[in-house]
Amino acid sequence: MSFHQTNSGRESTCQYANSKLWFRGPPGTLDQPYVACLGGEETFGRFVDYPFPAVLEKRLGKPCVNFGSLFCGIEALSTDPGVLNLANQSDLCVLQVPDLLRQSNRFYRVHPRRNDRFLEPTADLLRLYPDVDFTEIHFVRHLLEQLSATEDARFEVVAQELREVWIRATGDLIERIEPGVVLLWLHVQRQTGSHVDHIVPDAAMIEQLRPLCADVVEVSVPVSAQSDSLEDVMFGTLQQPIAEHMIGPSAHREIAEHLLIALRNLN
């Protein structure tokens, strides 16, 4: 197991055996029954001292290990053998609904661990968008912004591919997790004028996954800039613009409260 502090000096990351991903630290307790919390930025809890797994652990009175990893999507979670081992050793797994854009598909490839990174278009995408120059595109969100800007029917072809690949991959991961899975469906309320994902998992997609889950917990929370918690968010010089787009301590506490009810009901 590896462990180190991040550049902020307060957040920390760690690695567990057989996994190449870096998770939120400090390392969790794995030698007694625990709840595994899998997810991306919100589960990791960037810029906050106590992400919702830590709050949930205190309220539940049981280890809730934070397996949140920055910039990952369903591809990183489902292809890393260590992640499945960590989830299957738990008593119960909380899985944050993965980002829909961060996955390889028949139109583009992403980095295997940094799933927010756009690596290359496929031949199918080049044929569909011969008018787009992909050489200066490095992130999937930028890619989708460029494709949607054409405002024609081609974008829906890409969108439908992403939805279908996401449902298959997420459903497959849930089925491979032996303990019950509580699916955490977060709606993050962002400021007017900030980036908006053009394709997100919708209610119909979540309903397709519901039969595979022990429960689905839906929570809507604002980013720090839209709440009164920005002053409680920890960030360094020049990091405030990023911190404003992240959820703060009050949002993490609200998520933990919703999960606490679901987990107690399951017990």
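A residue counts as partly exposed when its relative accessible area falls between the buried limit, under 20%, and the exposed limit, over 50%. Asp124, at 26%, is therefore partly exposed. The model discussed here is predicted.

**Salt bridges**

The structure holds 14 salt bridges. Asp124 takes part in one of them, with Arg127 as its partner. Three bridges are listed below, with the N to O distance of each.

| Acid | Base | N to O distance |
|---|---|---|
| Asp124 | Arg127 | 2.4 Å |
| Asp131 | Arg154 | 3.0 Å |
| Asp172 | Arg176 | 3.5 Å |

Arg127 and Asp124 both belong to helix H5, residues 123–128. They are 3 residues apart, so about one helical turn separates them. Arg127 is exposed, with a relative accessible area of 58%.

Asp172 and Arg176 also sit about one turn apart, 4 residues along helix H7. Asp172 is partly exposed at 37% relative accessibility. Arg176 is partly exposed too, at 31%.

Asp131 pairs with Arg154 across a longer stretch of chain: the two are 23 residues apart in sequence. Asp131 lies in the loop between H5 and helix H6 (140–148), and Arg154 lies in helix H7 (residues 154–176), so their bridge ties these parts together. Asp131 counts as exposed, at 51% relative accessibility.

Some bridges share partners. Glu41, Asp99, Arg102 and Arg141 are joined in this way into one network.

**Aromatic pairs**

How many aromatic pairs does a search of the whole structure find? It finds 6. One of them is Tyr16 with Phe67, edge-to-face, with 5.2 Å between centres and 75° between planes. Tyr16 lies in the loop between strand S2 (12–15) and strand S3 (23–24), while Phe67 lies in strand S5 (residues 64–68). The pair therefore ties together parts 51 residues apart in sequence. Both Tyr16 and Phe67 are buried.

Phe67 also pairs with Phe23. Their ring centres are 5.5 Å apart and their planes stand at 75°, so this pair is edge-to-face; the angle cut-off is over 60 degrees. Phe23 lies in strand S3 and Phe67 in strand S5, so the contact ties together parts 44 residues apart in sequence. Phe23 and Phe67 are both buried. Ring pairs link Tyr16, Phe23, Tyr34 and Phe67 into a cluster.

**Charges over rings**

Two arginines have their charged ends over phenylalanine rings. For Arg24, the ring is that of Phe44, and the charged end sits 5.4 Å from its centre. For Arg114, the ring is that of Phe71, at 3.8 Å from the centre.

Conventions. Residues numbered from 1 in each chain as written. Predicted model: local features only at pLDDT ≥ 70, side-chain atom pairs only at ≥ 80, totals over all residues. Heavy atoms only, no water. Phe/Tyr/Trp six-rings, centres within 6.5 Å; stacked < 30°, edge-to-face > 60°. Buried < 20%, exposed > 50% of the residue type's maximum accessible area, 1.4 Å probe, protein only. Lys NZ or Arg CZ within 6 Å of the ring centre and 35° of its normal. Salt bridge = Lys/Arg side-chain N within 4 Å of Asp/Glu carboxyl O.
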